[in-house]
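Here's a quick look at one helix and the chain it sits in. Have the model open while you read.

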Amino acid sequence: MNGPGKSDRSTVPEKPSNKGHAAARPAERVEGKDLAKGNSGQQTRSRTQSRARLQQALDRVRQAARKDRGLRLNALWHHVYDVERLREAYFSLKRTAAPGMDGQTWQHYGQALEENLADLSARLQRGAYRAKPVRRVWIPKADGRERPIGVPTLEDKIVQRAAAEVIGAVFDADFKGFSYGFRPARSAHNALDAVVVGLKRKKIGWILDADIRGFFDTIDHGWLMKFVEHRIADQRVHRHVKKWLKAGVLEDGQRTVMEEGTPQGGSISPLLANIYLHYVLDAWADSWRRKRAMGDVILVRYADDFLVGFQHRAEAERFLAELRERFRSFGLELHPDKTRLIRFGRFAAEERRRRGEGKPESFDFLGFTHLCGKTKSGAFQIIRYTSRKRLRASLRRVKAELRMRRHHPLPEVGQWLRAVVQGHLNYFAVHGNYRRIQAFRNQCLVHWHKAASRRSQKGYVDWRRMYRLAKRWLPPVRILHPWPEERLCVTTCGKSPVR
């Protein structure tokens, strides 16, 4: 599987073809599965069987990467141009996503799906595929500024999604346990749980709340390709990653070639960001923690957002100084205004209480404000609220959308608003945050009342009717997430939850 001159097939044993007649039927026994009773002559494979075959192929890649951490995998691209993998990538895309520069929509591409996928697979196999520039759009941020987002063409989305699965199977074996962003079976809440459990179980008194300035716009292409080549020797993978990096951005009819950075919005961008920060930050920080730190140190990273907790201030200051130098070597920079070292934790609260001072400073991470608090019995507790910035931004978007939907039928607006409130609850309904999520629901109802009452000069809607509409359409407020210790204990299966 490594080394030049190999054929286009992996040395890991491949499953024999299932497309033949009776002679090919033993291939089912390779996977440990038999055909269903009564279907002995069945030749077609259901989508469930297709997913199983694709997953088994990725499992073999993961096993090879995990078995030898120094192995450079040489035959991977044939997993990407597999028609079934491209089909699964197509169906995993958002149906209503904005089209790229060619105007191709998900529905239009699907009208001749099999022909289009067969043609795409053939172009990927013979090297005729060309990445197209991404269409740049600007979306508002919570602080009032705008964030550039790149919208790739539909075919680029499909290929990037398929390639991300294959490349991710290789690097997921190397990624550290404290990296949670855009990885299988990991979510933002897993990262939030790790922060709470780490602060409660470790002797943490200082928090480095760091922010990388313009991370996605400053990724060095040269270093990124070196990091990819560290584990992948397949030249076709290298060429296509370079194609996506060099495709450029289309804005106002002008194409701009990017010499650095990767556009946000593509399926491959989060994976490339994880690979870059794995080598620049994670591996280095983990080694620093194990070899140079005398006290407890915790690390949690989700994409380009990360926190580092320290027991001793001197170690925190030394880590920060060395981190700035390391980032500078790879073209990155910590934001001077958003990076700070704060006193936080059980010891900080007790120290400030003895001095007669107020509570320790708070910090924001993944949409939540974290504060030092106490349980009813007086034990140390981390309190998490929806950050004011995130709450205000969400309500501004709801207000603007309700204004646009002012003249739509009330049941239609209610159905849309129910999805919005439920989505907010699905993320923010954690223990200790009941008041904030209740305030979000109440304020959404206020905005809905204003919009409904301005449908016409005589269209005022009294509050009794609004309460009936809220009872029918808006979901009730309740806590949906377990305590961090409970969920992290289950997801780590007895392993150390603080890594």
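## Helix α6 in its chain

Of the 499 residues in the protein chain, 49% are buried (under 20% relative accessible area with a 1.4 Å probe, protein chains only; exposed is over 50%, partly exposed in between). This is a predicted model, where local features need pLDDT of at least 70, side-chain atom pairs count only at pLDDT 80 or more, and totals for chains, interfaces and linings use all residues. Residues are numbered from 1 along each chain as its sequence is written, and side-chain values use heavy atoms, with hydrogens and water left out.

The chain carries 19 helices and 11 strands (DSSP runs: H or I of at least four residues for helices, E of at least two for strands, numbered from the N terminus). Among its contacts (heavy atoms within 4.5 Å) with a separation of 6 or more, 71% link residues 24 or more positions apart.

Now for α6, which covers residues 113–126. From first C-alpha to last, its 14 residues reach 20 Å, close to the expected 20 Å (1.5 Å times one less than the number of residues). Which residues of α6 are buried? They are L113, L117, L120, S121, R123 and L124. Seen down the axis, they fall within an arc of 165° (taken from the directions from the helix axis to the C-beta atoms), so they line one face of α6. On the other side, E115 and R126 are exposed.

The cover over the buried residues of α6 includes these helices:

| Helix | Residues |
|---|---|
| α3 | 77–80 |
| α4 | 83–92 |
| α5 | 106–110 |
| α7 | 154–171 |
| α11 | 235–246 |

Right after α6 comes G127, with a positive phi near 85°.
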